[in-house]
Amino acid sequence: MEKSFVFKFMGLNFDLTGIIGSTLMALAVFLICIWLARKVEMKPNKRQNVFEYLLDFTNGIVNDNVSDVDARKHLSLYAFVLFLFIWFMNQLGMFLEVKVDDWVFVKSPTADPVATMTFAMMTLLLSFTFGVQRFGVGGYLKNYTQPVGFMLPINIIEEFTNFLTLSLRLYGNIYAGEVLLTLIGNDLAHAGGPFTLILAAPLAMIWQGFSVFIGSIQAYVFVTLSMVYIGKKVTTE
């Protein structure tokens, strides 16, 4: 059974597998953005076109779901970085997995619910912050009683369900993809000798291609829903 490498420091547990994967992908996003935006010109080159397309893409998500102009200005960069970071984290385990015996040192960080819950918590905390800035503490809390007072418990429960669905949707899709790829590469490939080995090779490549698509869709869905939740907090019912 595969296990993540966890160590203790000052009484706290640290998941080295998640730290390594997240750090690698953060460096990848940072270096790629620097490379794409290295020489900004009035007449965009190919790299600049790619960079501007990505910015326009994430800006479109923000503009479609957040009506408050001030919030849009602050969310533009957040949506851009969040999309790239999650996209790269989703793809990591499809092409690189480092194992020593049963210990896994590198895999997709988003195949761990702790990572996806962290992203979801960031989004919800941002939504609370923008809501308080927009309406004030009293006005924001009053929104939980809209449209009628007895909706208060339902609106509070909704905050928890938003957190769970946002995080577990991403985790479930990426984790399931890695499990299936492992089953194809390990169990199926060695189940019946050369025949299953030959059969497993194209299946693994097909599934990797499909997983890239799924990882891209999940990054888009996560960012879109994040903007929907934040946009709702800065809009009067």
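**A nonpolar patch, two cores and a buried glutamine**

Four residues, Leu27, Phe30, Leu31 and Ile34, make up a nonpolar patch on the surface, and their accessible area together comes to about 400 Å². The model is a predicted one. Phe30, one of the patch residues, sits in helix α1, which spans residues 16-36.

For the setting of that helix, consider the chain as a whole. The protein chain contains six helices and five strands. Read from the N terminus, the order of elements is β-β-β-α-α-α-β-β-α-α-α. The chain has 237 residues, of which 35% count as buried. Its exposed surface is about 13700 Å², and 71% of this is supplied by carbon and sulfur atoms. Taking contacts between residues at least 6 apart in sequence, 68% join residues at least 24 apart.

The interior comes next. The largest nonpolar core comprises 40 residues, and Leu75 and Met227 are those with the most contacts inside it. Two or more residues come from each of these elements: α1, α2 (46-65), α3 (69-95), α4 (113-142), α5 (152-188) and α6 (194-233). The largest contribution is that of α3, which gives 13 residues. In terms of domains, at least three residues of the core come from domain 1 (1-37), and at least three from domain 2 (46-102 + 110-232). Helix α1 therefore carries Phe30 of the surface patch and also gives two or more residues to this core.

Which residues does Met227 contact, leaving aside its neighbours within four places in sequence? They are Ile61, Val62, Asn65, Val66, Leu75, Tyr78 and Ala79. One of these, Leu75, is the residue named with Met227 as having the most contacts inside the core. Apart from the 40-residue core lies another core of five residues, including Met94, Ile184, Ala200 and Ala204.

A polar residue completes the picture. Gln218 is part of helix α6, an element that also gives two or more residues to the largest nonpolar core. Is Gln218 buried or exposed? It counts as buried, because its relative accessibility is 9%, and the cut-off for buried is under 20%. Not counting residues up to four places away in sequence, Gln218 touches Asn90, Arg169, Leu170 and Asn173.

Key:
Residues numbered from 1 in each chain as written. Predicted model: local features only at pLDDT ≥ 70, side-chain atom pairs only at ≥ 80, totals over all residues. Heavy atoms only, no water. Patch = residues over 30% accessible without salt bridge, like charges linked within 9 Å, V, L, I, M, F, W, Y side chains within 5 Å. Areas by Shrake-Rupley, 256 points an atom, 1.4 Å probe, with all protein chains shown as cover. Salt bridge = Lys/Arg side-chain N within 4 Å of Asp/Glu carboxyl O. Helix = DSSP H or I, 4+ residues; strand = E, 2+ residues; numbered from the N terminus. Core = buried A, V, L, I, M, F, W, Y, C linked by side-chain atoms within 4.5 Å. Buried < 20%, exposed > 50% of the residue type's maximum accessible area, 1.4 Å probe, protein only. Domains from an automatic or database assignment. Contact = heavy atoms within 4.5 Å.
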